[in-house]
Amino acid sequence: VPMVAPGNVQVHVINSTLAKVHWDPVPLKTVRGHLQGYKVYYWKVQSLSRRSRRHIEKKILTFRGNKTFGMLPGLEPYSSYKLNVRVVNGKGEGPASPDKVFRTPEGVPSSPSFLKITNPTLDSLTLEWGSPTHPNGVLISYILKFQPINNTHELGPLVEIRIPANESSLILKNLNYSTRYKFYFTAQTSVGSGSQITEEAVTIMDE
């Protein structure tokens, strides 16, 4: 098997889900056989938004021939990763380079996990929601947009409300009675808004 590990391993984080890794080629005489390529082992150490330790799954990407760089796609935003690089010949892999630590930046969150509308009165509705399953960063707020829908399904003026990230419910007041409303709800990190969840509800006609 090869004798030495690739040196000077560098990681360039391109965005919250993609990184590029560079390394110096090993001297050919240390390959001790036919150079087949390089393998990059990488794994997520932890999510920076959650302190959950879980089973660490190592991923391996193989770059054929004498390439000295490769892309690592499909990373999770706002996470800490480690990687190392090994050279491969027809017999097997050489030793691993020292582990390199890198972090991905924040991304936009997934949609809020649910949006539930309860307690309709003449002029109010209560909204409850769950935080995103994948915050992909530090949540800074929720954005609620809503508008009335009339009987011919035309949409009325859109109202937008920003809600602090630590809230999980809201009572909307001063609504019109016997009116259907459509709600659009998203979570935000400093990068931007994630995908939205939509819901409809009706205020009651009379007490």
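**View 1. Where domain 1 meets domain 2.** No salt bridges are counted between domain 1 and domain 2 in this predicted model. Residue pairs in polar contact between domain 1 and domain 2 also come to zero, taking pairs with both members at pLDDT 80 or more. By class, the side of domain 1 that touches domain 2 offers two nonpolar residues, one polar and one charged. Here four residues of domain 1 are in contact with seven of domain 2, and about 390 Å² is buried between the two domains, with carbon and sulfur atoms giving 52%. Look for Arg50, Pro77 and Tyr78: in domain 1 they lose the most area to domain 2, together 79% of what that side buries.

**View 2. Lysine 116 with glutamate 128.** This salt bridge has its closest N and O atoms 3.6 Å apart. Lysine 116 sits in strand β8 and glutamate 128 in strand β9, so the pair ties together parts 12 residues apart in sequence. Lysine 116 is partly exposed at 42% relative accessibility, and glutamate 128 is partly exposed at 28%.

**View 3. Lysine 145 with glutamate 160.** Their side chains meet in a salt bridge at 3.8 Å, N to O. The partners belong to strands β10 and β11, so parts 15 residues apart in sequence are tied together. Lysine 145 counts as partly exposed, at 30% relative accessibility.

**View 4. Arginine 180 with glutamate 200.** The closest N and O atoms of this salt bridge are 3.1 Å apart. Arginine 180 lies in strand β13 and glutamate 200 in strand β15, so the link ties together parts 20 residues apart in sequence. Arginine 180 is partly exposed at 38%, as is glutamate 200 at 37%.

Terms used. Residues numbered from 1 in each chain as written. Predicted model: local features only at pLDDT ≥ 70, side-chain atom pairs only at ≥ 80, totals over all residues. Heavy atoms only, no water. Contact = heavy atoms within 4.5 Å. Buried area = accessible area lost by both parts, 1.4 Å probe. Salt bridge = Lys/Arg side-chain N within 4 Å of Asp/Glu carboxyl O. Polar contact = N/O pair within 3.5 Å; in protein donor to acceptor, adjacent residues only side chain to side chain. Nonpolar A, V, L, I, M, F, W, Y, C, P; charged D, E, K, R; others polar. Helix = DSSP H or I, 4+ residues; strand = E, 2+ residues; numbered from the N terminus. Buried < 20%, exposed > 50% of the residue type's maximum accessible area, 1.4 Å probe, protein only.
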